[in-house]
Amino acid sequence: MEKVTGFFKEKLKLDGIGKSSYRSPILCSGASSAILPQRGPKRCKRDDPPTHYSFKIKSYSLIQKFERHISPVFEEGGFKWNLCFYPNGKKNEGGEGHISIYLRIADTDYLSPGWKVKAFFRLLLLDQISGKYLTLGDTHERCFHAMNKEQGFARFIRLKTFLNTERGYLIDDACKIGAEVFVVRYNGKGDCFERISGKNTCTHAWKIPNFSKREKTFYYSKAFTVGRHEWKIKLYPKGNGRVEGNNLSLFLELTNSSNLCPGEQVYVDYNLCIKARQKTIYIAENLIRSYGFCIAAQSWFSASRQLWGCQKFISLHKLNDPEQGYLVEDRCIIEAEVNVLGHTRP
């Protein structure tokens, strides 16, 4: 209880920004309009680093084009969490023109139905010039649940202020954020994100003939290399697990995870697609691809989690429908677009 008590008693100061020129951060994701003003988020600068977790991003310009950047999982208070960094603001929460930082509860499948987790938390951003941490936190608990897993501050700091190197938050294309989560107890952990050198992007096409005659549970594509790592597409032609017999399952697998350093994780932006004859869709930047169906995701791969993808990728009924054009002369083409954004090492 000493940590929580200190949380209430700490003297808070503004980040050198006049109240008249800065809009208070919005209470997002479940904040009630009935909350009294004195219970709103508090802003201060402090010397102490994050108590529970820190996450350094060495390639801000790389992730700037993405809506959200998610940290690896860290554990605190008996639960698993991620930090979510919105480089252009979480616009649907009023964060346009700002940097938004959120705390997200992760890996909740093991929790009981109707679970709720109440926690106090602070989110921090390092001023690398002064060595102080810009800190936002509430003096009241937030409630995380199945319909509200992510909470934080849409207007953590103005984007213009963040990008101004004289303010110290972004130096040499790097920034550092952190979190303190007051649930039960302390377990410290930290990660540093940096870009991987070499060939970081690859599109791998896998042509599968005699598809209807595939009787094995799963098949692998040939290996291909991206970002110094070896990858394969893993296909369950009749589905995997609970969707077996109803859906095709498709995954991307890191096949040389044994070569990772202890605690190392690889952050990947990827698309998994099944092509269709005479069918096109529009994707980002108005490029046209002849894909029939495609999923896009960003995931952390590690020695303990080498496989990510979609168990319920496409229904077998739709796959076998001649009008859809996925199977042509009993052959299908599956593609993986893999962009290795970087990696972390503790």
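When I say two residues are in contact, I mean that they have heavy atoms within 4.5 Å of each other. Keep that in mind, please, as we'll need it for a serine later on.

Hello everyone! What you have in front of you is a predicted model, so let's start with how confident the predictor was. The mean pLDDT of the protein chain is 81, and 80% of its residues reach 70 or more. Two stretches call for some care. Over residues 1-39, pLDDT stays under 50, and the model has 78 contacts beyond four places in sequence for them. Residues 279-290 also stay under 50, with 19 such contacts. Where pLDDT is low, the predicted coordinates should not be read in detail.

Now the overall picture. The protein chain has 346 residues, of which 48% are buried. Its secondary structure comes to 4 helices and 23 strands. If we take the contacts with a separation of 6 or more, 70% of them are between residues 24 or more positions apart. As for the outside, the chain exposes about 17500 Å², and carbon and sulfur atoms supply 48% of that area.

Let's pick out one strand, β11, which covers residues 175-182. How many of its residues are buried? The count is 7 of 8, so to speak a mostly covered strand.

And which strands pair with β11? One is β2, residues 53-57, which runs antiparallel to β11 and is joined to it by 5 bridges. Within that pairing, Ile57 has Cys175 as its bridge partner. Another is β7, residues 116-126, also antiparallel, this time over 6 bridges. There, you can find Leu124 standing opposite Gly178.

Now for the serine I promised. Ser71 sits in the loop between β3, residues 69-70, and β4, residues 74-76. Is Ser71 buried or exposed? Its relative accessible area is 0%, and buried means under 20%, so Ser71 counts as buried.

What does Ser71 touch? Setting aside its neighbours within four places in sequence, Ser71 is in contact with Tyr53, Phe55, Asn82, Leu83 and Trp300. With Leu83 we can be more specific: a polar atom of the Ser71 side chain lies 2.9 Å from the backbone nitrogen of Leu83.

If you'd like to look for yourselves, try β11 with β2 and β7 beside it in the pairing, and then go to Ser71 in its loop between β3 and β4. Thanks for listening!

Methods: Residues are numbered from 1 along each chain as its sequence is written. Side-chain values use heavy atoms; hydrogens and water are left out. Buried means under 20% relative accessible area, exposed over 50%, partly exposed in between (1.4 Å probe, protein chains only). Helices (H or I, at least four residues) and strands (E, at least two) are DSSP runs, numbered from the N terminus. Two strands pair if DSSP finds at least two bridges between them. Accessible areas come from the Shrake-Rupley method with a 1.4 Å probe; for residues, only the protein chains shown count as cover. A polar contact is a pair of N or O atoms within 3.5 Å; within protein, one must be able to donate a hydrogen and the other to accept it, and residues adjacent in sequence count only if both atoms are side-chain atoms. pLDDT is the predictor's confidence in each residue, from 0 to 100.
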